[in-house]
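Subject: Structure for your files

Hello,

Here is the structure I said I would pass on. My notes on the ligand site follow below it.

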Amino acid sequence: MTDPDRRRLREPLATVLGPRTAAPLAQLGLHTTGDLLRHYPRRYAEPGTMTDLSALVPGEHVTVMARVVQTTVREMRSRGGAILQATVSDGPHDLSLTFFAKRRGVLRLHEDKLRPGRVGLFTGTVGAYRGVLQLTHPDYQVVGVDVDDEAAAMVEASRPIPLYPASAAVPTWRIQRAVRTVLDPLLAEDLPDPLPPEVLARHGLRSLRESLREIHEPYTEAEHQRARHRLRFEEAVVLQAALARRRAEVAGQPATARVGALPGEPNLLAAFDARLPFVLTAGQREVGGQVSDDLARSRPMQRLLQGEVGSGKTVVALRAMLQVVDSGGQAALLAPTEVLAAQHLRTLRALLGPLAEDGMLGGAEHATRVALLTGSQGTAARRAALLDAASGRAGIVVGTHALLGEHVQFADLGLVVVDEQHRFGVEQRDALRGRAGITPHLLVMTATPIPRTVAMTLFGDLEVSTLAEVPAGRPGTTTHVVAADNAGWLARTWARVREEVDAGHRAYVVCARISPDDRVDARGTDDADLVAPDAVLDLGPQPTPRPPLRAVEEVAAELAGLPTLAGVRIGVLHGRLPAAEKDDVMARFASGEVPVLVSTTVVEVGVDVPEATVMVVLDADRFGLSQLHQLRGRVGRGTAPGLCLLVADAQAGSDAATRLSTLAATTDGFRLATVDLELRREGDVLGASQSGSTSSLRLLRVVRDADLIALAREEATALVAQDPTLARWPALADAIETWLDPGHEDFLERA
Ligand code: ADP
Ligand code: MG
């Protein structure tokens, strides 16, 4: 609706507040009335609860609440001018405030406000003068001075004080004042509520207008808590409504039913099953059945297959692809990295044998082809693959994001399998889906196990199948944390690598970056394979300088010089190598010719070399929990037990130390994923922090708010069932659009 209602929310702050007030707000990403109203306080100061002044550190920009103890003004003979000095206190500790002025009269304003006994918020950079901590020319706000009569001042002085995410240029009370200026004149009809009236009624929730007042201008703690809850629920409903609408949209699209081979027709799937060197696990059979049923329907499958590391998802996917090929269609398998795409190609060809050798000598009758499409392959290979895809000769096309290119055409694309989906966004998924005139079936696979309610949030538009068990007979993997500064343990680490190599096994050594010259946060490549720098956690400022992160090139050279590893061939793998070289290194590692592989996290997901038994991760404290679990999943996949050594120097009690000890203590991916989510900082889970957009979800936290999300999902599903387009609730539809703009919807996929 192009109504007057939302016009108020879109008004530029420069118009409402004036350009001078609006400019610093714009730096915080707040441009419109709507932006400002959704800029919620981070927390609240309770009047009378003073900041602990003993914790202040010179050089920090701080905002403190303290009581004025004393204020003096004097002339400065030596320099001329006047100085006002005030002492503020939290009780036991004092802080000095200093203001200079040319003339004494100028200071009167401050003197008048900073009367002893008054409480205020003071903000500035902590300095030290003759050993006393002080703020020079602090910006400040005295509680309750803005009102005229005594009674009103008492009320003001007892209200919780909202503390906003602020900056040095805009202290929190400026934001508070701006919010008041903007919010107070607005009426309920200026603030269309994304929550439909019936939802409000059902849950006994207050209107958006009231809730914004309560969160920004509370009189009591209960008010802002109530508002926070209602606004959080609103976010959950908006998100779930977006997902429910999407589900409904896709479910309404026609798809071709792919029932597989009919009796008497060539049956690749049956031939494949007959060749399979192992028996399918019960889980694989069950999930395989679900997928097979989905494919046989004439509406698009939308399924997420989440499986513990090493649970055998590839076979499930391959069998689904063969069902489609047997029905005359084609399947595309998208991998996040070239290393993984190449491995899938090898695996599929090996498992299929002559069944994948259509047109080749020795190929089976009615065989198909498996083609590979990646960004870095040569022109001739690419052209051949494109032709195989377009002509339909290739029943299966494996590739990286290059598969999404505009020139890639399929004769009859029936199924898209996305492996390790968290590296693909919604748009890419849609790109592939839109390519074929008719919607292909979609199977998304992830080895990052996701707790149920989280899956509901992040993958709410997909139905979920789970493969929890790994094939029987796997001996398991032992994990140890190795202190990086303990030379003896490090020596032992390399000795273990040697022992495994001598026993015919392989070892991975994973580093956080490629070359010693790389900055930690360098993103100097557009190669999708290079994962390491992005993946390294930003731990913020470190208290003590840390030794630089170990780099692939440096570590490979070092290991080559170790007497312990004398005569052992050491390979190097990272995203910056040419594709052919990556392939070559992986193949030689798999064959055992080069039994030690020093690499980045490019081996994090999916890489499958059953003979690998040792995973050494250097600077392990810098990796996320799920990531380490994935890395550990690279070993212990064959018949010999795996060993995972996490080399780290993590301070006891730090988040990093918790991650490592949790990892060493459990191999349950679901449990680890939950801990991981709990340890992550605000915003990380929904990716809100990355976009820098103000139109994001602010209050919702997927782990903590699981119940709320489940409730919101019910509401949203019911709403979409009543009106699949949500046109009946324009404010809800509008919230979906503004909060989940296309660039932002990525978070649905990435977290
Ligand atoms: P992931 O689920 O992590 O992608 P993969 O599909 O790579 O796991 O499978 C891991 C390994 O287990 C592969 O070497 C695969 O051949 C093997 N595998 C798969 N299914 C079975 C099974 N039912 N029995 C024994 N081994 C299996
Ligand atoms: Mg896999």
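Lys313 has a polar side-chain atom 2.7 Å from an oxygen atom of ligand 1. Please keep in mind that this is a predicted model. Asp608 also makes a side-chain contact: one of its polar atoms lies 2.7 Å from an oxygen atom of the ligand. Val279 uses its backbone instead, with an N or O atom placed 2.8 Å from a nitrogen atom of ligand 1. Taken alone, the ligand exposes 560 Å², and the protein buries 85% of that.

Around ligand 1 there are 15 residues, and those that come nearest are Gly310, Lys313, Thr314, Arg474 and Asp608. By class, this shell holds five nonpolar, six polar and four charged residues.

Where does ligand 1 sit? It occupies the second largest pocket, whose volume is about 990 Å³. The lining of this pocket is made up of 38 residues. Thr347, Arg474, Asp608, Pro610 and Arg637 are the ones that lie nearest the centre of the pocket. Three elements give two or more residues each to the lining: α13 (313-326), α14 (338-352) and α21 (579-591). The largest share, six residues, comes from α14. Sorted by class, the lining has 16 nonpolar, 13 polar and nine charged residues.

Two residues turn up in both lists: Arg474 and Asp608 are among those nearest the ligand and among those nearest the pocket centre.

Regards

How values were computed. Residues numbered from 1 in each chain as written. Chains lettered and ligands numbered in written order. Predicted model: local features only at pLDDT ≥ 70, side-chain atom pairs only at ≥ 80, totals over all residues. Heavy atoms only, no water. Near = heavy atom within 4 Å. Polar contact = N/O pair within 3.5 Å; in protein donor to acceptor, adjacent residues only side chain to side chain. Areas by Shrake-Rupley, 256 points an atom, 1.4 Å probe, with all protein chains shown as cover. 1 Å grid on protein atoms, 1.4 Å probe; cavity = no way out; pocket = protein on both sides within 12 Å on 5 of 7 lines; lining within 4 Å. Sits in = over half its atoms within 2 Å of the grid points. Nonpolar A, V, L, I, M, F, W, Y, C, P; charged D, E, K, R; others polar. Points joined across faces, edges and corners; volume = space filled by probe spheres on them. Helix = DSSP H or I, 4+ residues; strand = E, 2+ residues; numbered from the N terminus.
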